[in-house]
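Reader: I am in my first year of study and would like a close look at a single part of this structure. Could you please take me through one helix and its surroundings, explaining each term as it arises?

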Amino acid sequence: MDQERTPYFQALLEYVDSGVLPFHTPGHMQGRGADRSFREFVGDNILAIDLTPMPGIDDLLQPTESILEAQELAAEAYGADHTFFLINGSTSGNQCMMMAALNPGEKIAVPRNSHKSMLGGLVMSGAHPIYMQPAVDQEMHMDNAVTPETVERTMHEHPDLKAIYIVSPTYYGVAADLAEIVRIAHERDKLVLVDEAWGPHFNFHPALPVSATEAGADLCINSTHKMLSAFSQCAMLHQIGDRVRLDRLKSVLKMFLSTSPNLPMVASLDVARRQMATQGAALLSQTIELAQETRRRLNQIEGVYSFGEEIQGREGVFDLDPTKVTVRVTGLGYTGYEASALLRRRYNIQVELADLFNVVALFTIGTTPEAAERFVTAFEELARDDRAVDIYAPSGILEQRLKRGTYHLPAIPPMRMLPRDAFLADTDVVAFRESAGRICAETISPYPPGIPVICPGEEISEELIDYLRLELKAGVRIQGPNDDELRTIRVVR
Ligand SMILES: Cc1ncc(COP(=O)(O)O)c(C=O)c1O
């Protein structure tokens, strides 16, 4: 196929050029009725292509023309048999994968460090999760990927598993041995679904980890908006082979899509694919080089550490995405949260993620050498500061946490009900402190990175209460519960 083509974007441009008089949605009528200040800021063009499915402009729900071709071009670029555009992120991708592949009660092995949107997939599909503990790097204070050995053991312990779900890469850019996991899973006739939200660029550069499509996963999802140039919310779902029924997958996608998709978003997927297919290798080479050079310079600053190839080969670290620059800041006397706030306040720099120990910066095809320079300079200055409060002091939160060993992930709580049944059950609201022994009806995920500590259907324990209260004290935001501050929690009545 001609990867220079952008059939869908072209279809929108042709509609604009033809000067059709609109009597259709959206109500702003190509910008004529838009709020003036908004229109002045965003410009006329984006409003002119904010249209609706109609003749000449294909329908994302039932593509037969330009969207069909755009999706086929994407499938070719990603080495998939079928590709579908998503406009509600990998969040909807996770939901669609599980709804397409699983019936209520069927078992799926899922890593405990999955993004919380995986839980949405479990609740909607009614599938029965078997949780796999990812490898944890105690030195780096980081959850890594699930290993083939863990997958093998889980398949052995649960021979009735229907599917294996893998998250790769992690938020920190750690990639799993997907090719081996797919091989052993297919050998036992299990489906492999991969959440590759953070790896939409893997297919386009040889220095990046093997992608899920290259590894032969049955279904996988990419957040095209995260690491490539598509608009926020834009993602893709790829299918390889026919282990998952295509007709069912298509019906599920239709159920999840709005009947009024945002067309500039769809067009941004079309052009992001062209950009990668035609210039990806060159653009990503520059990005990778810049990230590696930044990492090298950061590691020359006392108190700062940004991991790289030296951790490859540790448990759960099969490969690394060099474009994620994780900076450990505890040696400077800061928690990741504090460093993130300082970077913003003092240097007007916003990172993607902060945790207790690290900040994570994304390096993408949009990161310039000037931006990288400012990033390094900020750390050089932070390192020169005299830190008044030593977080390693006995009263410091980090010290407390390390001493108590609470970084060690709490044990996975026993599952008393399926996530779907608990989520839909009648509930009581009780004080979180006094909730030990009750069955949780919500998902409790410190965010970022959004890894659930308690899932719907699991029994709450004193250990979990202690762990989460410490997280809250350290300034971690908790997502999932009705009560953001987690003073109360919804439990099954
Ligand atoms: C591993 C993983 N999967 C899925 C998602 C959801 O992706 P999106 O924001 O595209 O809906 C995220 C978001 O951070 C994620 O980290």
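Author: A suitable part is helix α4 with its surroundings, approached from Asp270, a residue placed in helix α12 (residues 263-298). Helices (H or I, at least four residues) and strands (E, at least two) are DSSP runs, numbered from the N terminus. The model is predicted, so local features need pLDDT of at least 70 and side-chain atom pairs count only at pLDDT 80 or more, while totals for chains, interfaces and linings use all residues. Residues are numbered from 1 along each chain as its sequence is written, and side-chain values use heavy atoms, with hydrogens and water left out.

Asp270 has a relative accessible area of 0% and is therefore buried; the term means under 20% relative accessible area, against over 50% for exposed and in between for partly exposed (1.4 Å probe, protein chains only). Its side chain makes a polar contact with the side chain of Arg273, at 3.0 Å. A polar contact is a pair of N or O atoms within 3.5 Å; within protein, one must be able to donate a hydrogen and the other to accept it, and residues adjacent in sequence count only if both atoms are side-chain atoms. Leaving aside residues up to four places away in sequence, Asp270 touches Thr6, Pro7, Tyr8, Phe9 and Ala70, where contact means heavy atoms within 4.5 Å.

Ala70 leads to α4 itself, since this residue is among the buried residues of that helix. The others listed with it are Ser66, Ile67, Gln71, Leu73, Ala74, Ala75, Ala77 and Tyr78. What covers them includes the helices α1 (7-17), α9 (212-215) and α12, together with the strands β1 (82-86), β9 (219-222) and β10 (235-239).

How far should the 13 residues of helix α4 (residues 66-78) span? The expected span is 1.5 Å times one less than the number of residues. At 1.5 Å a residue α4 should therefore span 18 Å, and its end C-alpha atoms are 18 Å apart, which agrees. The helix is followed by Gly79, whose phi is positive, near 70°.

One of the covering strands, β10, contains Ala235. With a relative accessible area of 0%, Ala235 is buried. Not counting residues up to four places away in sequence, Ala235 touches Phe84, Phe85, Leu86, Gly89, Ser90, Asn222, Ser223, Thr224 and Leu269. Ala235 and Glu315, by contrast, are 80 residues apart in sequence and 30 Å apart in space, C-alpha to C-alpha.
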